[in-house]
Structures are given as structure tokens and as C-alpha cells.
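Biologist: I'm new to this structure, so could you take one part of it, look at it closely, and then walk me outward from there? Plain talk is fine.

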Amino acid sequence: MKRFQLFCRAWRDMRRFQKLKSRNELIVFYSEAADYWKFFESIIEQLTNTLEQPIIWLTSDPNDPLLKDNRSGIIAFFIGEGIFRTVVLNTLSVNLVIMTMPDLGNYYIKRSGSCVHYMYLFHSIVSTHIIYRKGAFDHFDSILCVGKHHVEEIREWEVLNQLPAKQLFNHGYGVLDKLLEEKKQRPLPLTDEAVHVLIAPSWGPHGLLETRGGETIEVLLDAGFQVTVRPHQMTSKRSPNLKKQLIIRFGNHPSFNFEGDTRTNESLHAANIMVSDWSGVALEFAFGLEKPVVFIDQPLKLNNAEYSRLKSVPLEILLREKIGRILPAEDIKKLPSVVAELATSPE
């Protein structure tokens, strides 16, 4: 029944969107889930508050707060994840669409036949050519780049594959800006509190939570650390039973916390150390809050077998040893001693 209700809701919102007048003048944002608001937030606030530019918010999340908030300058529509999303996005007739979803034109979501400008917004600091699929950005007109590494990688890929040059903007990263600003407003942590460890890995079959989550949490709790688990939003979506298993196993432990909502940065600020694998949030933690990371050396998150054609070394490989420690996965029992060492010398 719930699936049918969502189907009907997406159909109604699709029809409501299609009836909008002057759609050619609109700027459209597409969000895969409510958690993605944090990547769009700074841009949308500038557009709606400073420039008084109304925008359209298309979301695949039925629980997206913007569907109920009625924020000034934002008109929100629920389009689901199935046929209605495909119809809406493939037949857009608007001025500009901005999305954090890569692989435009490679799978179900194609470029519209109308003259739409497609702009990509990164939802991570990591490089473009190893965790993303081959050609993930080839069909965008412009890209909002986090840093010069994105510019260099995209240009190199274009030359190698004889692609037309896209517009690349030196945009930065709103999530990092917000972390830095929040850090200024927070009091310094008490020195006599227990060391707080945040486990925030990537997702997929080789992800830390999916393969060694219970073992990692247990060894840290047994060592007396306070532990918060913050799964990637895709882990929560694709492995819902994992959350249940971890809460059943550790939920009654006084030093354990499970954070299912990644829309806030509270757990990043509260933690002293992060334990991760290949997650981009590790770079946000390190550069936004200047705190160290322990990287459990899980198999490389490789989605583009041709990444080595580029001379550019992926940023997530280049920086690992500069912002923390790398611990072999088979040495997980040594994790408490590594955490303790980093906690005493976070600089």
C-alpha cells in the first residue's frame, strides 16, 4: 500500500510540475535524498535570499523536509526514484538544472531534448577518476569544482578522450565552509572527557561497516572509547538490516551511539578521531576541523578501471598518510592503540 501511495504522490507532483508556467526561466535542483540538502544549501540560500531568484526543488525522498517547509523562493516536488523521475528529468524544459548525481546520459537519466544547461555539483572533495564510473561527468555542460585537482583531472580526461571542454568553475565546497564557520562558534572540548571516536566509512560491498563493522565497534568500546557510528546515506539505504544488527548488538552500551541522520555535523564536532576507509567525509573532518583520521585499509573503492590513464594521483590516495594513519584491516585489534596515540598528539 505504501509503495502505491508513493507512486500516486509522485504522479501528482509530476503533473503539478509539468503545469508550471514559464518553466524555461526556472533554475531546477534535483536531490536524490534529504541528506543531500547540505551540498546545495549555500548556493540556494544565495539565489533565494540574496538574489531573490526563485528555484524548483525536485526530490526523490518522500520525507524531504522541503516538501513541507514552504520556504520562501522554493517550490518543491516529489518525483520518486522510478518512472516519474525518469520522465521528469528526461523531458525537462528549463533554463538550468543543477544536480549532485553523476552519470548523466549513461543510464536511465538522459539529457533533455530541450536546450537545458546541465551543471554538476560535487558532493565530496575526492577525485573524479577513481570512485566515480568512467564518463561520469562527460555529458554535463559545466561543473562546480571543489579545487584545482578537479579542474586538472577533468581537463586531462577531456584531452585523453577528445571531449569538448566544459565550463569549469572554481567553486569551493559549501560543506567545508559551513564546518569551518560552525567550528568558530563551538566551545573548546573538555580535556578530561573520554576520547570520542567517530566511525564514518564509505559504502559498498567492501565498506568498513559492511565487512568489519561489528569487530571495529567492539574493539573500541572494549578499550573504553566513546563510539558513534555514522553510516553513509547509501549504506542506510541499501543495507537497512545492518543498522538493526548493530543496534541490537551494541544499543545498550552506554558509550555507543548510532547516528542515522547525516544532515547535521554534530557528530563530527563532538569526535576527537575519525575511523574511516575511503569515505570523502574523512577529508571534511581533517580539513574542516583539523582532526586526525585512522584509515582502515579496506580494498580500494574502484569504479573506473581506466583511472590510471590519468597522470593525476587521486586526492584520497595522495592525502591519506598526511592527515592520519593507515591501519591494515587484519590489524584491527591494534586500532585502540593507534587512536590513543593520535588523540594525545592531534596536531
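Modeller: Let's start at His232, which sits in the loop between β9 and α8 (233-238). Bear in mind that this is a predicted model. Setting aside its neighbours within four places in sequence, His232 is in contact with Pro201, Ser202 and Trp203. Pro201 is 31 residues away along the chain, yet its C-alpha atom and that of His232 are separated by 6.6 Å.

Now step back from the loop into strand β9, residues 226-229. Three bridges join β9 to β10, and the two strands run parallel. One link you can look for is Val229, whose bridge partner in β10 is Phe258. In general, strands of a sheet pair through backbone hydrogen bonds, either parallel or antiparallel.

That pairing belongs to a bigger picture. Six strands make an open sheet with parallel pairing, in the order β10-β9-β8-β11-β12-β13. At its edges are β10 (256-258) and β13 (324-328), each of which pairs on one side only. From one strand to the next, the twist averages 20 degrees.

Helices pack on this sheet too. One of them is α11 (residues 281-289), which touches β11 (273-276) and β12 (293-297). The direction of α11 makes about 160 degrees with that of β11. Another is α13 (residues 335-344), touching β8 (196-199), β11, β12 and β13. Its direction makes about 155 degrees with that of β12.

Stay with α13 for a moment. Its buried residues are Leu335, Pro336, Val338, Val339 and Leu342. They cover an arc of only 160 degrees around the axis, so they lie on the same side of α13. What covers them includes β8, α7 (208-222), β11, β12 and β13.

Go back to α11 and follow the chain out of its end. In the loop between α11 and β12 you'll find Glu290. This residue has a positive phi of about 55 degrees although it is not a glycine. That's worth a pause, because most residues other than glycine have a negative phi. Glu290 is exposed, with a relative accessible area of 60%. Gln162 is another such case, with a phi near 55 degrees, a positive value in a residue other than glycine. Look for Gln162 in the loop between α5 (148-160) and β7 (167-170). Gln162 is exposed as well, at a relative accessible area of 74%.

α11 also leads us to helix α6, since α11 is among the elements that cover the buried residues of α6, along with α2 (37-50) and α10 (266-270). Those buried residues are Gly174, Val175, Leu176 and Leu179. As for its length, α6 has twelve residues (174-185), which at 1.5 Å a residue should span 16 Å. The end C-alpha atoms are 17 Å apart, which agrees.

From α2 we can hop to another pair of strands. The way there is through two aromatic rings, Trp37 in helix α2 and Trp57 in strand β2, which are 20 residues apart and link distant parts of the chain. The pair is edge-to-face, with 5.5 Å centre to centre and 75 degrees between the planes. Both Trp37 and Trp57 are buried.

Strand β2 (residues 55-59) pairs with β3 in the parallel sense, over five bridges. Within that pairing, Ile55 stands opposite Ile74 in β3. Four of the five residues of β3 (residues 74-78) are buried, so this strand is largely enclosed by the rest of the structure.

Back to rings for the last stop. There are 13 aromatic pairs in the count. Phe250 and Phe256 make a pair with ring centres 5.7 Å apart and planes at 40 degrees, so this one counts as tilted. Phe250 and Phe256 are both buried. If you'd like a group to pick out by eye, Tyr120, Phe122, Tyr132, Phe137 and Phe140 form one aromatic cluster.

How values were computed
Residues are numbered from 1 along each chain as its sequence is written. This is a predicted model: local features need pLDDT of at least 70, side-chain atom pairs count only at pLDDT 80 or more; totals for chains, interfaces and linings use all residues. Side-chain values use heavy atoms; hydrogens and water are left out. Two strands pair if DSSP finds at least two bridges between them. Axes are lines fitted to C-alpha atoms, for helices over the stretch in contact, and angles run from 0 to 180 degrees between N-to-C directions. Contact means heavy atoms within 4.5 Å. Buried means under 20% relative accessible area, exposed over 50%, partly exposed in between (1.4 Å probe, protein chains only). The arc is that of the directions from the helix axis to the C-beta atoms. The expected span of a helix is 1.5 Å times one less than its number of residues. Rings of Phe, Tyr and Trp (its six-membered ring) pair if their centres lie within 6.5 Å; planes under 30 degrees apart count as stacked, over 60 as edge-to-face and the rest as tilted.
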